[in-house]
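Biologist: Please show the sequence and the structure, so that we may discuss the geometry in question and answer form.

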Amino acid sequence: SSLLEACGTRGRPPYDAVLTHGFTLDEQGRKMSKSMGNVTAPQEICDQYGADILRLWVVSTDYAVDQRIGKEIIKIQVDAYRRLRNTLRFLLGNLAGFDEVERLPYDEMPDLEKLILHHLSELDKIIRQCCSDFDFHRLYVALGNFCSNDLSAFYLDIRKDVLYCDHLASDRRRAARTVLDQLFSCLTAWLAPILCFTIEEAWRSRFPEKDSVHLRQFPNVPDSWRNNDVAERWAKIRTLRRVVTGALEVERREKRIGASLEGHPTLYAPPEFLTALEDLNPAEIFI
């Protein structure tokens, strides 16, 4: 109960059920006891890492079973927090000076940007359903996977050159920044109930003149962003990308190349996969 009180969730459904049906154990699954010296004090976590780390641990747990906590488990949450925070930092750094004049209409965007908006549309439905069902563990996994796999390791990795090197008025750069703006709007709203202090800091750093992020509602994600055709095409492209980046990693490990830009792979794949690459620049996608 002290953990839940520290996170400001005591007495709200379904957390009362946690106190009845589950226990908080140490990392080895043993009951916490002062005599055993295996107690993890919430205040110590807050003092060392901040309250947002403790809140992230709470939302990551499955409250239907016994929860475990300890130094190594908290370190995992610190790493997860760092990935989320780095995603927000990237968005903030590349949204400086963005305004409505720069916004590009959906119909004029490249397919890669439409894919990310499609993922946002899917994620919006998952987030809302998770909140309705009090399924916070699934919400935590969905947001973490999206930031790590779909953004950091894929979309942002591909679009870095466009953001850093394209002309300020180029359509590709405008499209990318338009999507980054939508990502910032959604992620700050979805993460605000979890990472209260971090998200408020991110929101204030971009919009110092606006009200607190905690006075916002979840943004309405347009149904028109859902695009299954684009998603199916890019599922094939991402499969090819994993093959190519895996081959490049082997070459790097064997010291035959340094950076991936030194590679010049020849790609063999079924026709439907190669057709998915039409009108795209493979060097850009595979970096």
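Biologist: Before the details, what span should the residues of helix α10 have, and how far apart are its end C-alpha atoms?

Modeller: This is a predicted model, in which local features need pLDDT of at least 70, side-chain atom pairs count only at pLDDT 80 or more, and totals for chains, interfaces and linings use all residues. Residues are numbered from 1 along each chain as its sequence is written, and side-chain values use heavy atoms, with hydrogens and water left out. Helices (H or I, at least four residues) and strands (E, at least two) are DSSP runs numbered from the N terminus, and the expected span of a helix is 1.5 Å times one less than its number of residues. For the 26 residues of α10 (residues 228-253) this gives 38 Å, which agrees with the distance between the end C-alpha atoms, 37 Å.

Biologist: Which helices are included in what covers the buried residues of α10?

Modeller: Buried means under 20% relative accessible area, exposed over 50%, and partly exposed in between (1.4 Å probe, protein chains only). Among the buried residues of α10 are V230, W234, R238 and R241. Contact means heavy atoms within 4.5 Å. The cover includes α6 (111-133), α7 (136-165), α11 (271-276) and α12 (282-286).

Biologist: Is R159 buried or exposed?

Modeller: R159 has its place in helix α7. Not counting residues up to four places away in sequence, R159 touches P110, L112, E113, R172, A176 and E284. Its relative accessible area is 4%, so R159 is buried.

Biologist: How many aromatic pairs does a search of the whole structure find?

Modeller: Rings of Phe, Tyr and Trp (its six-membered ring) pair if their centres lie within 6.5 Å; planes under 30 degrees apart count as stacked, over 60 as edge-to-face and the rest as tilted. On this basis, the search of the whole structure finds five.

Biologist: Why is the pair of F154 and W234 classed as it is?

Modeller: The pair links distant parts of the chain, with F154 in helix α7 and W234 in helix α10, 80 residues apart. Both F154 and W234 are buried. The ring centres are 6.1 Å apart and the planes lie at 75°, so the pair is edge-to-face.

Biologist: What is the angle between the planes of F184 and W203?

Modeller: F184 and W203 are both buried. Their pair is stacked, with 6.2 Å centre to centre and an angle between the planes of 5°.
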